[in-house]
Amino acid sequence: MRIEVSRQLLDRQLVDVQGRLVGKVDDVEFAIDTEGRPYLLTLLTGPGALALRVGGRLGRMMALAAERFVTDRPMAPLRIPYPLVARIDSAVWLRVRAEELPTAPVEQWLRRRLIDRIPGAGRASG
């Protein structure tokens, strides 16, 4: 399958197998196979990936703002292996549930510092 990355992937919603929004495709990573041909390795999502894609002063400001929420710097983007993609249309549909993906660093910080402090948050169904 041939993909035009900038038109068919970047800025598309990531949707898990149950139809829940996971994020947006902010960037991609390529690798080179044994015959020297590039192939799509992972989709990158999160403020860290978007900041690198934007670049320049604005990208640095975005990265610094996002890094205020994490302890590990620089903030790594969430990497979704391309084989987990089921189909691409107006969104990028994944073969897995959101819970099976690694948790984004910003989400971990928000859960630890904010959500877990809300009374009854541990009992919420979601």
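This passage describes the two sheets and the main nonpolar core of a predicted model.

The first sheet is open and consists of three strands in the order S3-S4-S5, with antiparallel pairing. Strands S3 and S5 occupy the edges of this sheet; each has a single partner strand, so one side of each is left without a neighbour in the sheet. From one strand to the next, the twist averages 35°.

Within this sheet, strand S3 covers residues 27-32 and strand S4 covers residues 38-45, and six bridges join the two in the antiparallel sense. Two of the facing positions can be named. Valine 28 of the pairing is placed opposite leucine 43 in S4, and alanine 31 is placed opposite tyrosine 39 in S4. The connection between S3 and S4 is a hairpin with five residues between the strands. The turn of this hairpin contains glycine 36, for which phi is positive, at about 85°.

On the S5 side, S4 pairs with residues 78-81, which make up strand S5, in the antiparallel sense and over four bridges. Leucine 43 has isoleucine 80 as its bridge partner in S5. Leucine 43 therefore takes part in both pairings of S4, since valine 28 stands opposite this residue and isoleucine 80 is its bridge partner in S5.

The second sheet is also open, with four strands in the order S2-S1-S7-S6 and mixed pairing. Its edges are formed by strand S2 (21-24) and strand S6 (85-88); each of these has a single partner strand, so one side of each is left without a neighbour in the sheet. On average, neighbouring strands of the four-stranded sheet are turned by 25° against each other, direction ignored. The edge strand S6 runs antiparallel to S7, and three bridges join the two. In this pairing, isoleucine 88 is found opposite valine 92 in S7.

The nonpolar interior was considered next. The largest nonpolar core comprises 16 residues, and those with the most contacts inside it are Leu9, Val25 and Leu43. Two or more residues are given to this core by each of S4, S5 and strand S7 (91-94). S4 and S5 are strands of the three-stranded sheet, whereas S7 belongs to the sheet of four strands. Leu43, named among the residues with the most contacts inside the core, is the residue that has isoleucine 80 as its bridge partner in S5.

Technical notes
Residues numbered from 1 in each chain as written. Predicted model: local features only at pLDDT ≥ 70, side-chain atom pairs only at ≥ 80, totals over all residues. Heavy atoms only, no water. Axes fitted to C-alpha atoms, helices over the stretch in contact; angles between N-to-C directions. Core = buried A, V, L, I, M, F, W, Y, C linked by side-chain atoms within 4.5 Å. Buried < 20%, exposed > 50% of the residue type's maximum accessible area, 1.4 Å probe, protein only.
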